[in-house]
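Let us walk through this structure step by step, beginning with a pair of strands and ending with the enclosed spaces inside the protein.

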Amino acid sequence: MQTDIAPQIEKSQPHVVSVRSLVEFVLQTGDITPGGFQRRDRAQLGTQGHKHVQRSRPEGYETEVEIAYRVEGADPPLEVRGRIDGLYANQEPVILEEIKTTTLSLDLVSEQHNPLHWAQAQCYAYMYAQQHNLSGVCIHLTYYHLDSQQEKTFERHFTFFELQTFFSDLIIPYLDWFRKIYAWQARRDQSIHQLDFPYVEYRPGQREMAVAVYKAIRANDRLYVQSPTGVGKTIAALFPAVKALGQGLAAKIFYLTAKTSGRLAAEKALDDMRQANLQFKSVTLTAKEKICFCPPVNCDPEVCVFARDYFGKVKRALGEFDRTQAFTRPVIEDIAQQYQLCPFEFSLDLALWVDCIICDYNYAFDPRVYLHRFFDLSSELYIFLVDEAHNLPDRARAMYSAELDKKTVLDLQRRLKPYLPVLAKKLSAINKILLETRKACQAEGKQALVEHVPPEKLLKVIREFSQKAEDWLVLNQAAEFRQELLEFYFLCLNYLRTAEYFDTFYVSYFERQGQGNLKAKLFCLDPAPMLAAPLERSQSAIFFSATLLPMDYFKQLLTGAADHPQRIFQSPFPPENVSLLIHNGIATKYAQRADSYTEIASVIETICCAQVGNYLVFFPSYAYLAAVLELLKERLLERQQTPGWRLLVQDRGMTESTREAFLAQFSAGNRETLIGFAVMGGVFGEGIDLVGDRLIGAVVVGVGVPQVCLENDLIKEYFDRLNGSGFAYAYQYPGFNRVLQATGRVIRTETDRGIIVLIDERFTHTRYRHLFPAHWRGFQVVQSTSEIKDKLAGFWSQA
C-alpha cells in the first residue's frame with residue numbers, strides 16, 4: 001500500500017571523519033584492553049596535562065588549531081577534520097606538536113611507543129602543509145607524565161612528498177570502505193523511497209499512528225502514543241522512522257526496549273519490510289554478560305582469545321557487512337566465532353555503520369553504560385523509538401540512583417586487612433559512619449533516616465577510599481580479592497557520581513536491614529529531570545506502549561511539565577470477543593486478605609469449570625498466591641470426580657529456560673485445563689504472547705498496588721508536594737498499569753476469544769473507573785460465583 005509520507009530529500013553535505021577516527025579505523029591493531037585499569041578522572045587529568053604543556057610554551061605558540069581538509073577527487077565528498085595541539089607557524093620549518101599524556105614511566109616510552117600517535121600528527125602535518133604550500137613540516141611528539149609532570153619529546157622532519165604519500169596510503173583504504181557505505185546508503189534510500197507499507201492493509205489506528213510518528217520526527221518533537229494490543233505499534237513506529245531516515249531527517253534509529261519480546265518484535269518488523277524490498281541494516285545489542293563467550297566476563301587478553309588482537313581481526317570481519325542486513329544475536333555470535341572476536345565489541349563496532357540499533361534503554365539513558373561513541377561528540381540526528389515506555393520511569397529511577405550496604409563494606413574490609421591495611425582502614429571509616437547511623441536509627445526507634453541533602457560525611461570517606469583504591473588498582477596486579485575490590489570500587493564510583501546530580505528531586509536515606517545491616521541510598525524520586533539530557537541526544541523521541549495510561553502521569557515522569565503531542569488509539573478487536581467481569585464482592589486490601597482466600601479459590605474454580613482451556617491467575621504477592629493455591633488444591637482433591645487440572649506456579653528467580661518451559665505448557669492442543677499462577681508485574685505479567693487457545697482467560701486479584709515501603713512513601717511525599725497526587729503516582733497508577741499489562745495477555749489477535757475477571761471491590765470506585773481504557777466499556781459487575789457461572793456460560797455458548 002502506497003504511503004503519502006513526504007518526498008525524498010537529497011544529500012549534499014560531505015561526510016566528515018575526524019583524524020583520530022580515520023587513523024584508528026585504518027591502522028589500529030592489538031587487544032581490546034591493553035591498558036588495564038585506569039583512574040576515573042584519567043580523561044580530565046589528560047586534558048589538564050595538555051593545557052599544562054601548552055601553557056609552558058613560548059610566545060608565538062598557537063594551541064588547539066582547528067583544521068579541515070576536503071579530500072581531493074573523493075567521490076562521494078569526504079572531509080577530514082581535527083585540532084592541532086600546538087603549532088609554531090612562524091618557525092622555519094613550521095613545527096607542529098602532538099601532545100600525549102601517560103602514566104607509564106617515560107623511560108619505557110620510545111619513539112615507536114604508539115605508531116597511531118605519529119600517524120595522527122602526520123595527518124595534521126599534511127593537511128596544514130597542503131593548505132599553506134609548505135615543502136615540509138617538523139613534528140614534535142611530546143609525552144607528558146601525569147605524576148612526575150616531566151616531558152619527553154621526539155622530533156622528526158617530513159617532506160611534503162612523504163606526508164602526501166603517507167596520507168594517500170591512509171585515505172585510500174578508508175575511501176574504499178566509505179564508498180561501500182555510501183553506495184549502500186544510496187541503495188537503502190532508494191529502497192526506502194519505493195517502500196510501501198509491508199502488509200496488505202493498515203489495521204484500525206495503525207496508519208494514524210504512523211502519520212503521527214512521522215509528523216513528530218519531522219517537527220523534532222516528542223510524541224506519546226497509547227496503542228492497545230492489535231494496533232501493530234511496532235511497525236507503526238518503525239515504518240515512518242525508516243521513511244524519515246531515507247529522507248535525510250535522521251542518520252540512525254535507536255529502537256529502545258526493556259524486554260526480549262520488544263527486541264524480537266522490532267527484528268520481525270524490519271524483516272517484514274525487507275520482504276517488501278527494503279534494504280536496511282540493523283544490529284541488536286545484547287548485554288556483555290549474556291553474549292560473552294568466556295563467562296564470567298574477563299576481557300584480559302591473556303585470558304580471553306576473543307579480546308586478543310581484536311582490532312587486528314575485526315577489519316577482516318567487517319567484510320561480512322556487505323553480506324548481511326540483520327545482525328541479530330545469533331548472526332553476531334556466528335561471525336564472532338568465525339573470526340575469534342569478542343561478540344559484544346563486534347556488535348558495538350557494527351553499530352557505527354548500520355541504520356538501526358535495537359537495544360536496551362540503558363544504552364541511551366544510563367550514565368554508566370550509555371554509548372559514548374554516538375552521544376558524546378557526534379552531531380548526527382537520531383530518532384529514539386521507546387518501546388513499552390511504561391517501563392522507563394522505574395528503570396530510569398534505578399539508573400539515576402545509587403546504594404551501598406554496610407555488610408559489603410565490612411566483608412571487604414576483613415578480606416583486605418591482611419594484604420592492603422591502608423585500604424582496609426579506609427573501609428573501616430565507611431563502616432564506622434554506617435554503624436553510627438544504624439545506631440542513631442535504633443535510638444530514635446526508626447527503621448530509616450531520610451535526608452534531603454547529600455550525606456557529606458559519608459561521601460568524604462567514600463571519596464578517600466576510592467582514591468586509595470585507584471592507587472592500587474592502577475598497578476594492575478593480580479590478586480584473589482581484585483575482582484571483589486573492583487566491583488565495590490565501581491559501586492562507590494556510582495555513588496559519588498550520583499551525588500553530583502543531587503537536587504530537589506533526590507533524597508538520601510539510610511535504612512536498617514536484617515542482621516545488623518544498613519543500606520545507604522541516593523534515591524531519584526522523579527526521573528524526568530535526569531532524562532532531559534539523554535533525550536537531547538535525539539532529535540525526536542517517540543514513547544509508545546499498550547498501557548501508557550494515564551497519559552499525564554507518564555508525561556510528568558518522562559519529560560516533566562513540557563507539553564508534547566499525544567495520541568490515544570482504540571483497540572481494533574471486536575468487543576464481543578471478550579467478557580470482562582468485575583467481582584466487587586471481595587476485598588483484597590492487605591488487612592483483609594486472609595478473609596479472601598477461600599472466596600478467591602472458589603471464584604477461580606468456577607471460572608475454570610466453565611470452559612476447558614488455559615488460564616493465568618495473577619496475584620499481588622507470592623504469599624497471597626501460595627495461600628490461595630493451597631486452598632484450591634484442597635478443593636480439587638475433594639472433587640475427585642472432576643477431570644484433573646494441571647497447576648503451574650511462577651517461582652522466584654526463574655531462569656530464562658524455566659520461564660520458557662513454563663510458557664511452553666500453554667499449548668492450544670491441551671485437552672485438560674491448565675492454570676498458571678503468577679505475580680503481577682513479574683516476568684509473565686507482560687511481554688508474553690499466547691495467541692488463540694494458548695490462553696483463554698486471565699484472573700487478576702487486586703488492583704496491583706505495590707507494597708507499602710520506604711521508597712514508595714518517599715515518592716508519595718514528593719509528588720504530594722509537587723502536584724498533590726502522591727498516592728496516585730506512588731501506588732495507584734503503577735499498580736493499575738500492572739493490571740492493564742496482565743489483562744492484555746488474553747486477546748492478542750482479532751480472532752481470539754477469552755474472559756477477564758478482576759477481583760477487588762475497588763475496581764468499581766470512581767478513581768479506578770476513570771482509568772479504564774476505552775475497550776473496557778463493556779465490563780459487567782458481579783458479586784457472587786453464581787453470577788460468574790451464569791455470565792461465563794452465556795459467553796462461551798456464543799463461541
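Two strands are said to pair if DSSP finds at least two bridges between them. In this model, which is predicted, strand β21 (residues 646-649) and strand β22 (residues 674-679) meet that condition with 4 bridges, and they pair in the parallel sense. Within this pairing, leucine 647 stands opposite isoleucine 675 in β22. To get from β21 to β22 the chain passes through helix α23 (residues 656-664), and the β-α-β crossover made in this way is right-handed.

From the strands we can turn to the cavities. How many cavities of 30 Å³ or more does the structure hold? There are 2 of them, and the largest has a volume of about 90 Å³. This largest cavity is lined by 13 residues, of which Cys292, Phe293, Cys299, Cys304 and Cys342 are the closest to its centre. By class, the residues of this lining divide into 11 nonpolar, 1 polar and 1 charged.

The second largest cavity has a volume of about 40 Å³, and its lining is drawn from several elements: α7 (260-275), β9 (282-284) and β10 (326-327) each give two or more residues to it. The largest share, 4 residues, comes from α7. Among the residues that line this second largest cavity are Glu267, Leu270, Asp271 and Arg274, together with Ser282, Val283 and Thr284, as well as Ala326, Phe327, Thr328 and Ile358. The lining of the second largest cavity divides into 5 nonpolar, 3 polar and 3 charged residues, whereas that of the largest cavity holds 11 nonpolar residues, 1 polar and 1 charged.

Note on methods: Residues numbered from 1 in each chain as written. Predicted model: local features only at pLDDT ≥ 70, side-chain atom pairs only at ≥ 80, totals over all residues. Heavy atoms only, no water. Right-handed = clockwise from strand over helix to strand, strands pointing away. 1 Å grid on protein atoms, 1.4 Å probe; cavity = no way out; pocket = protein on both sides within 12 Å on 5 of 7 lines; lining within 4 Å. Points joined across faces, edges and corners; volume = space filled by probe spheres on them. Nonpolar A, V, L, I, M, F, W, Y, C, P; charged D, E, K, R; others polar.
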